[in-house]
Amino acid sequence: MPSTALLTDRYELTMLASALRDGSAGRRCVFEVFARRLPDGRRYGVVAGTGRLLDALESFHFGPDELATLERAGIHGVTLDALAEWRFTGAVDGYAEGEVFFPGSPVLTVTGTFAEAVLLETLALSVLNHDCAIASAAARMVTAAGDRPLIEMGSRRTAEEAAVAAARAAYLAGFASTSNLEAFRRYGVPTTGTAAHAFTLLHDTEAEAFRAQVDALGSDTTLLVDTYDIAQGIRTAVEVAGPGLGAVRIDSGDLTVLARQARELLDSLGATKTRIVLSGDLDEWAIAGLAAAPVDAYGVGTALVTGSGAPTAGMVYKLVEVEGRPVAKRSEHKATNGGRKTAVRRHRPTGTATEEVIVSRGRPEIGEHDRLLQVPLVRDGSRVPGVAGLEAARDHLRGVLRTVPWEGLKLSRGEPALPTVLLEGPR
């Protein structure tokens, strides 16, 4: 895999050069990743991207090509020499992928020398801010959809690499499949897809287009029926494919009304098992509004890959401890809490979560029904064996959401699903 080292920012090299100059580069430090607040109206966030971040960390090194690029950019002398020898030998702990988080949750903790840890800021934030935002939006859509599967279809609405990451995050959050083939190749995300309107327009008649698709893919395929007249498109689709047609897709119009009309028409034509797939600028609110409609699956694009109005999770990477001494930022509205944090989630005996307790400079008391939230991810610069993969993260989120109080899963505005309590340990 190509080096990810140049995904860092220039200002991190400025800090490194200065720390090398005054001798502070080797000081032991703790950095934490957290969100000060959730996006407006959201009640929880979903941790996603940890696996991608660990992959990127394994490829984070400054080889000859990277060093030559930095030299052309004006990086010279001691700094360039230090980068040539740079290796991350520290530790990383964090919330497991598929965990939920709240304001102040220590989603990731990086421990190492300042020189080691400071260079990881942009890499960590670029991965986690994007993937957590997508997964958080996707999880709300999954809740709104209930038992109906969701297809991720947003590749054409974002950058090419963001599309792959978004497909992974959506699958983690409970989407059934993606149209993105690279997500299948890299991460094993199941793929599905159907034709676009261009395929129908290519042919002289709608029937010819449908016949070509059925001949190529079989009658279980999904036919797009809204290029011209939807009712006639459905009749033509059943005429061509027979009553065993797999599905029809509707991508425009009043979807609630059209879904009902489509179901009635399909049933009248004997296609009682033909599924109805809806797409077209859907988000969690639109999906919730379709709960009573006879829909079998949804395709979601733009809203998903843009975080449904919150394209970033708002996470920050802050220094909280130097040589065992807590440090904190005091800026107005951006103050931080010093000291390394430990987080525990408390639960009732029934399994329902009640609060998240975060202790700085110490460990909280662990009750019978409590759960420590951070897990070891990297030790001595190497990934910890057995770190959960994508399928495990998907299962983990499904289980965690069952512990969230029901009001915390509502789409309406409100407070975070769980209160967070910050306690200060001994100084």
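**Exercise 1. Is strand β3 buried or exposed, and what does that say about how far it is enclosed by the rest of the structure?**

Before solving it, some ground rules. This is a predicted model, where local features need pLDDT of at least 70, side-chain atom pairs count only at pLDDT 80 or more, and totals for chains, interfaces and linings use all residues. Residues are numbered from 1 along each chain as its sequence is written, and side-chain values use heavy atoms, with hydrogens and water left out.

Step 1: get the terms straight. Strands are DSSP runs of E with at least two residues, helices are runs of H or I with at least four, and both are numbered from the N terminus. Buried means under 20% relative accessible area, exposed means over 50%, and partly exposed is in between (1.4 Å probe, protein chains only).

Step 2: check the strand. Five of the five residues of β3 are buried, so β3 is largely enclosed by the rest of the structure.

**Exercise 2. Work out which strands pair with β3 (residues 91-95).**

Step 1: the rule. Two strands pair if DSSP finds at least two bridges between them.

Step 2: take β5. Four bridges link β3 and β5 in the antiparallel sense. Along this pairing, Ala91 sits opposite Thr111 of β5, and Asp93 sits opposite Thr109 of β5.

Step 3: take β17 (374-379). β3 and β17 run antiparallel and are joined by four bridges. Here Asp93 turns up again, with Pro376 as its bridge partner in β17.

**Exercise 3. Follow β5 (residues 108-113) to β1, and decide how enclosed β5 is.**

Step 1: β1 (residues 28-35) and β5 are antiparallel, with six bridges between them. One position to find in your viewer is Val33, opposite Leu108 of β5.

Step 2: six of the six residues of β5 are buried, so this strand too is largely enclosed by the rest of the structure.

**Exercise 4. Describe how helix α2 (residues 50-58) packs on helix α6 (residues 121-145).**

Step 1: know what to report. Two packed helices are described by the angle between their axes and the distance between the axes. The axes are lines fitted to C-alpha atoms, for helices over the stretch in contact, and angles run from 0 to 180 degrees between N-to-C directions.

Step 2: give the values. The α2 and α6 axes are 9 Å apart, at an angle of about 160 degrees. That makes α2 roughly antiparallel to α6 (under 35 degrees counts as roughly parallel, over 145 as roughly antiparallel, 65 to 115 as roughly perpendicular and the rest as oblique).

Step 3: list the contact, meaning heavy atoms within 4.5 Å. α2 brings Thr50, Arg52, Leu53, Ala56 and Leu57, while α6 brings Leu123, Ala124, Val127, Leu128, His130 and Asp131.

Step 4: sort by class. This contact has seven nonpolar, two polar and two charged residues (Ala, Val, Leu, Ile, Met, Phe, Trp, Tyr, Cys and Pro count as nonpolar, Asp, Glu, Lys and Arg as charged, and the others, Gly among them, as polar).

Step 5: look at the buried part of α2, made up of Thr50, Gly51, Leu53, Leu54, Ala56 and Leu57. The buried residues of α2 pack against several elements, including β3, β5, α6 and α7.

**Exercise 5. Now do α6 with α7 (160-172).**

Step 1: the angle is about 45 degrees, and the axes are 8 Å apart. α6 and α7 are therefore oblique to each other.

Step 2: on the α6 side you'll find His130, Asp131, Ile134, Ala135 and Ala138, meeting Ala162, Ala165, Ala166, Ala169 and Ala170 of α7. By class, that gives eight nonpolar, one polar and one charged.

**Exercise 6. Place Thr4 and His396, and say whether each is buried, partly exposed or exposed.**

Step 1: Thr4 lies in the segment before α1 (10-22). With a relative accessible area of 6%, Thr4 is buried. Beyond its neighbours within four places in sequence, Thr4 touches Ala56, Ser59 and Phe60.

Step 2: His396 belongs to helix α15 (residues 390-401). Its relative accessibility is 26%, so His396 counts as partly exposed.

Step 3: trace the contacts of His396. Setting aside neighbours within four places in sequence, they are Ala96, Glu97, Gly98, Glu99 and Arg371. His396 and Ala96 are 300 residues apart along the chain, with 8.4 Å between their C-alpha atoms.
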